[in-house]
Structure formats: structure tokens, C-alpha cells
Amino acid sequence: MRLLDVVNLTVSFVQHEGVVQAVRGMTLHLDAGESLGIVGESGSGKSVTCMAALRLLREPPAKIAADRLDLGGVDVLAARGRDLAALRGRVAAMIFQDPMTAFDPSFTIGHQIVETIQAHRATAKAQARAEAEALLRRVEIKNAGGVLDAYPHQLSGGMLQRAMIAMALSCQPQVLFADEPTTALDVTIQAQILQLIKELQAEMGMGLIMVTHDLGVVAETVDRVLVMYGGRAMEQGPVQKIFDAPLHPYTQALLASIPGRVAGRQRLVEIAGASPNPANPPKGCPFHPRCAVAEARCGVEAPAFQTVTAGRDAACWRLQ
Amino acid sequence: MIVYILKRLASIALTFTVVSVIVFLMMHAVPGGPFDGNDMPVSDEVKAKLNASLGLDRPLYVQYFKYMWGVLHFDFGVPFQSPGETVLELLGRAWPPSLILGGAGVLIGAPLGILLGMAAALRRNTWVDYLASAFATLGLTIPVFVTSMLLILVFAVWLDWLPASGWGKPYSWVLPIVAYATIPLATYARYTRSAMLDVLNKPFVTVLRAKGLSERRIIFQHVLRNAALPMVTVFLPMFIGTATGSIFVEAMFRVPGLGAYFVSSINLRDYALEMALILMITMMFCVSYLISDILYALLNPRIRTGGRRG
Ligand SMILES: Nc1ncnc2c1ncn2[C@@H]1O[C@H](COP(=O)(O)OP(=O)(O)O)[C@@H](O)[C@H]1O
Ligand SMILES: [Mg+2]
């Protein structure tokens, strides 16, 4: 079953200084139980894509349009307040980059997990609390009872991210969006958190969208990867195939720029040239100013994101 | 917490002493004395006698200790400008109108201001916000005596619904209270708006939405609770600060309140009354800061739990 189906998504922010085109025609999909990694440099529109899928951007200034934006079979663009609230947390949950600022500082962790459960299911408080404690134990928090009654400022970043995962999973969502869930954490804890997310995904059979700018993370946690650049999808396909034989010149440059990538855990190294300015994006393919094999038409019209071989799509004139 | 409160009480006592010394010195440093007025000339001889009878010829520090000793026994002396009563009796007579004016003004203005500020923050960058902000800016920039004059003109002169001045039957209180209420209304509206917007822009609000909480729950439980934190520290002192009423409003509407005495006690070198008024205000501010700090600590888990990340 198709859990997330996004066709030609555009997101722009209307500001005094002008319009920022953060996402310019994104297409992506996710099936039940599948895991997809979204990779791209900082500013390529990964977070905005995820936020738009849950309609979490403030509109205005954000302006969202798409040929299709379906989440769990519901047209997200047509949904209004109450319907959106019912989708969020229940059909799709999200965990964020900085766990330190993700909880309301005025309430305990327990309170915040309990209110999530109660928002979606008629559950007695004691029952919800027991569930919350079980969830905290499941995310490998040893002192689950103590953490339940702790305020956010009393816990470490790693602990908070675990609690955040517990909270996100409290209503058994079908899709989990994880937006750079380990970027703000200590290196030693990053691997544990990734392992935990992977385990829970398999255990609960949920779909996973793992946003990252770390190709090592992608290699370890997901089945399929989508490469984003300048607010567009450049290439998508099974992880192993893309790592072995990237189709798009951007993906090729990306992989080539990582020394000893087989060892994993390497951050993206910048490719020569600057990434496109979303306030004034280049005409045509967003990558053409930095592309070693660009042709004349690359700067005129953007190539369509289309199937190259079975299960693999790319947006490049050389592949059409 | 107990230790904290005791420490704060000690610091209040210190503040109080320092303020009393400074005010006492400043008061006496201003040239002239209570019997130097021109409308009732007294010979130097009589002046010296009067000064001696009031102890004004003694060294300053003796006068200070004598006065403070009285204060500790709730004896604030006798106001020179109204020698038939004690300072306390004068305050007991003149304070209630000011208290009613200030108290009612804040009780009406503050909640309206808070509601206005909330509406502006929740509907930011819409006409609701622009209208509320324009209203608040007007309230803060138009001097209160202009507001008073407008009110008198419309409701007393043109419509003839309410008296233009005086402080008799409660309906005569209406115009001065409304005039005064515009100040807390505007101030609280602005402050509430910015406190709410501050919280609404926090990342945790996005997380609350992502969990599927209703917008109502997000606003009323989470945003308001967090916005209340910076608000209590400002609101309570402001609230208590108004207990002395408004000199301008009282003058415009001829309210027989404390306002006039602030001015006259300085002009007439009425040392006892001047001291009493200033000490009273100092004490009220100190106590209100203490209460709001305690409230802040109670509302803020970071302070309440005293815990650190670990
Ligand atoms: N609320 C916003 N207002 C204006 N511009 C925004 C906003 N959010 C994101 N952007 C812009 O959109 C682009 C994509 O951002 P984002 O999706 O956060 O990138 P990333 O791939 O690093 O997650 C960036 O250029 C960013 O500056
Ligand atoms: Mg991001």
C-alpha cells in the first residue's frame, strides 16, 4: 500500500525581500513498511518537504502546491484543522533534529507522552501512563519511571531523543519521519539511536523516511534513497544500486567526493561551486552550473524526473 | 525556597534603608524649608522657633533617626500642609480614591489588554493584529490627559451622560477609570503579544502540532503557560504600581486622591508626607517583585526543581 505519494510538490516562502523557492517540483513515494533515505546538502529542501507532507509549515508565509500530496490515503492539501490533527501523530509521526528544544520545558516528559496518547485514543490517564512507561523502557531508557516524571531540562540530549522516539511511536504511526535525528547528538550516541530506529521500524512494520546529509547513515538504515538538490529530486533507487552505479552526475560527484566511503560515516564534502540560491534559482536543471557534463539545454529547461530502469528514477537530460 | 525568601526579605530591608537615606538627604538638600513660602511671610525669629519646635534645627542624622524610629512604630509624623491630622490619617483619607481608580483601571484594562494581545499574536499579520497594534500604540503615545479630555468632551459635554469631574457617586468614577484603564490595556496588549509570539516561534510548538494536538490545547495549555512566565515578572509590579493612581487622571477629573499630594509635598517641603509617600511606594514595589519572583519560581520547573541536565 502506498503510504505517502507526492507528485510535483512545490513549496515557496513569500517574504518581504522576495519569494524563496524551497522545494521546486519534488516527487517521492513510500510504501508500507519501507524505508527511504532523503539525502542532500543543507538547504536542499529536505526538511521543508517533510514539514509540507504534514502541513506543519505556517501558511502564509509558506505556500504549498502539488499535483498530489496524499498521506495514508488522505489528501493532505484538502484536509483542514481537525482532520490534519487526526493524521498527525497517528498516521505519520515526526522526530526532529534538536531534542533539546523539542519538548515543552514547562511539563514533564510523562505528561507530554500521555497527552499524545490521549489526543488520539480514549485512554484513562493511569493506562496512558503505564503505556508511556513501557514505551520509555522499549527505547532503552533504564530509569523509565524517573524519566516519566522528569522535566526536559533534567535530561541529556540522547535521553531526550529516545523519549522523543517513544512519544512519536506512542500511537503506532504507519510512517515515521526522522529529520536528521542524530545530527545534534554526541557521536557515541548517534549509532545507538540509528540502530534503535531501525529496530523499531522492523518491529512495528512502519514506513520510515530518514532525512540526512550523511551518506553513512543512509547506507546503514534504509532500503531506498532519494537524492535531493536545489529543491528537486535528482535520483532515487535502491541504496546498493545507487552506491554501486549512480546515474545522475550530481550523485556521482557526491559519491566521488567522499574518500573511503566504504568505511561509511563520512559527511558530504562540498562539490566545487556554490549550491543554488533558493531566492534566485538557476534556470533549467539546478545542478547545471556545477555539472561537469552539462549541455546547452541543461540551462534552458529542467529535465523531468522519470524512470531510467525499473525502480530507478533520475532527472537528467543525458538519461532521457 | 525558604532560604531564598529570607534572603530576599533581607535585601528588601536593605533597599528600604538605602532609599530612605537617599530620599531624606535629597529632600533636605533642596534649598528652602516649609516656612519659606511667600503667601504667608514669617519673621526669621518665628521661623527659627517653628523649626526648633519641629526638630528641624537638629543635625540631619538626628532628624533621620528620629523619623525612622517613628516609622518603625507606624508614626509617620504630621504633614505640615495639613497639621490637623497625622500623615497616616491623610493617607487613609486620600488613598482610597486613588486605589479605586488605579485598581479598577488595571482590573479592567489588564484582562482586556491580555485578550487583545493574545488575539493579535494568534492572528499575527492579519487585520486583527494591525488593528490591535495600532490601538495599543495609540494608547501608549497619546498622553492620558488628552484621552481624559476627549472622554470629558464626548461623555460629559456632548452626551451629558456622566459628570465631567468629582468623585462622588460611583457613576462619577466611570470616566476617570476608563481614562486610566487605557494605559494598562495598551501596555499589557503589547507585552502579551510579544510574549505569545516568542513562544509560538519555539520549536516545541511544531512538535506539539506534529503530535496531533488540537490547536486549542496547544494554545491554552502550552503556549499560554510558557508565555505567562515572562509575563508574571512584569505584570505584578505594574499592577501594584498603579495602586497610587495617576496624578494626571486625578488632576483632570479633580479626584481627591493622592496624586495632588505627590506634587504639593515636594513644593511645600512637607518632609513627613514626602518621606511617607516614597517609602510606601518603595515598599509596595519591593513586595510585588518578591511575590512575582516567587510566582516565577513556582511556574518555572527549571528553578522549582533546581535540577541540572545530567
Ligand atoms: N520558514 C521559512 N521561511 C523562509 N525560508 C525558509 C523557511 N524554511 C526553510 N526555508 C528555506 O528553504 C530552503 C530549504 O530549507 P530546508 O528544507 O530546511 O533545507 P534542508 O535540506 O537543510 O533541510 C532553505 O534555503 C531555507 O532557507
Ligand atoms: Mg533540515
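**Entry 1. Shell of ligand 1**

I sorted the residues of the shell around ligand 1 by class and obtained 4 nonpolar, 6 polar and 2 charged. The model I am reading is a predicted one.

I then listed the members of this shell. Chain A contributes A:Phe13, A:Gln15, A:Ala22 and A:Glu41. The list continues with A:Ser42, A:Gly43, A:Ser44, A:Gly45, A:Lys46, A:Ser47 and A:Val48, and it ends with A:Pro278.

Next I asked which elements of chain A each supply at least two residues of the shell. They are β1 (2-15) and α1 (46-53). I noted that α1(A) gives the most, with 3 residues.

**Entry 2. Backbone atoms facing ligand 1**

I looked up the polar backbone atoms that approach oxygen atoms of ligand 1. For A:Ser44, I found a polar backbone atom 3.3 Å from an oxygen atom of the ligand. For A:Gly45, the corresponding separation is 3.0 Å. For A:Lys46, a backbone N or O atom lies 2.9 Å from a ligand oxygen.

I also recorded how much of the ligand is covered. Ligand 1 taken alone exposes 560 Å², and the protein buries 67% of that.

**Entry 3. Contact between chain B and chain A**

I turned to the interface of the two chains. How many residues does each chain bring to the contact? I counted 24 residues from chain B and 32 residues from chain A.

The size of an interface is often given as the accessible area lost when the parts come together. For chain B and chain A, I noted a buried area of about 2500 Å², with 55% of it on carbon and sulfur atoms.

I then examined the charged pairs. Between chain B and chain A the count is 2 salt bridges. One that I inspected joins B:Arg217 to A:Glu115, and its closest N and O atoms are 2.9 Å apart.

For polar contacts across this interface, the rule finds 12 residue pairs, both residues of a pair being at pLDDT 80 or more.

I traced the chain B side of the interface back to its helices. Each of α8 (203-210), α9 (215-241) and α13 (301-304) of chain B supplies at least two residues of the side that touches chain A. The element that gives the most to this side is α8(B), with 7 residues. By class, I found 7 nonpolar, 8 polar and 9 charged residues on the side of chain B that touches chain A.

**Entry 4. Chain B as a whole**

I checked the secondary structure of chain B and found 13 helices and 0 strands. I also took the extent of the chain: the C-alpha trace of chain B spans about 85 × 65 × 30 Å along its principal axes.

**Entry 5. A salt bridge within chain A**

I noted that the count over all chains comes to 19 salt bridges. I looked at the pair of A:Arg68 and A:Asp5, whose side chains meet at 2.8 Å, N to O. Why does this pair tie together parts that are 63 residues apart in sequence? I found that A:Arg68 lies in strand β5 (residues 68-71) of chain A and A:Asp5 in strand β1 of chain A, so the salt bridge links those two strands.

**Entry 6. Backbone geometry in chain A**

Most residues other than glycine have a negative phi, and most peptide bonds are trans. I searched chain A for departures from this pattern.

The peptide bond from A:Glu59 to A:Pro60 is cis, with omega near -15°. The bond from A:Pro60 to A:Pro61 is also cis, with omega near 10°. I placed A:Pro60 in the loop between α1 and β4 (62-65) of chain A, and A:Pro61 in the loop between α1 and β4 as well.

I recorded one residue for its phi: A:Glu140 has a positive value of about 65° although it is not a glycine. Where in chain A does A:Glu140 lie? I found A:Glu140 in the loop between α4 (125-138) and α5 (144-148).

Key:
Residues are numbered from 1 along each chain as its sequence is written. Chains are lettered from A and ligands numbered from 1 in the order in which they are written. This is a predicted model: local features need pLDDT of at least 70, side-chain atom pairs count only at pLDDT 80 or more; totals for chains, interfaces and linings use all residues. Side-chain values use heavy atoms; hydrogens and water are left out. Contact means heavy atoms within 4.5 Å. Buried area is the accessible area (1.4 Å probe) that two parts lose on being put together, summed over both. A salt bridge is a side-chain nitrogen of Lys or Arg within 4 Å of a carboxyl oxygen of Asp or Glu. A polar contact is a pair of N or O atoms within 3.5 Å; within protein, one must be able to donate a hydrogen and the other to accept it, and residues adjacent in sequence count only if both atoms are side-chain atoms. Helices (H or I, at least four residues) and strands (E, at least two) are DSSP runs, numbered from the N terminus. Ala, Val, Leu, Ile, Met, Phe, Trp, Tyr, Cys and Pro count as nonpolar, Asp, Glu, Lys and Arg as charged, and the others, Gly among them, as polar. A residue is near a molecule or strand if one of its heavy atoms lies within 4 Å of it. Accessible areas come from the Shrake-Rupley method with a 1.4 Å probe; for residues, only the protein chains shown count as cover.
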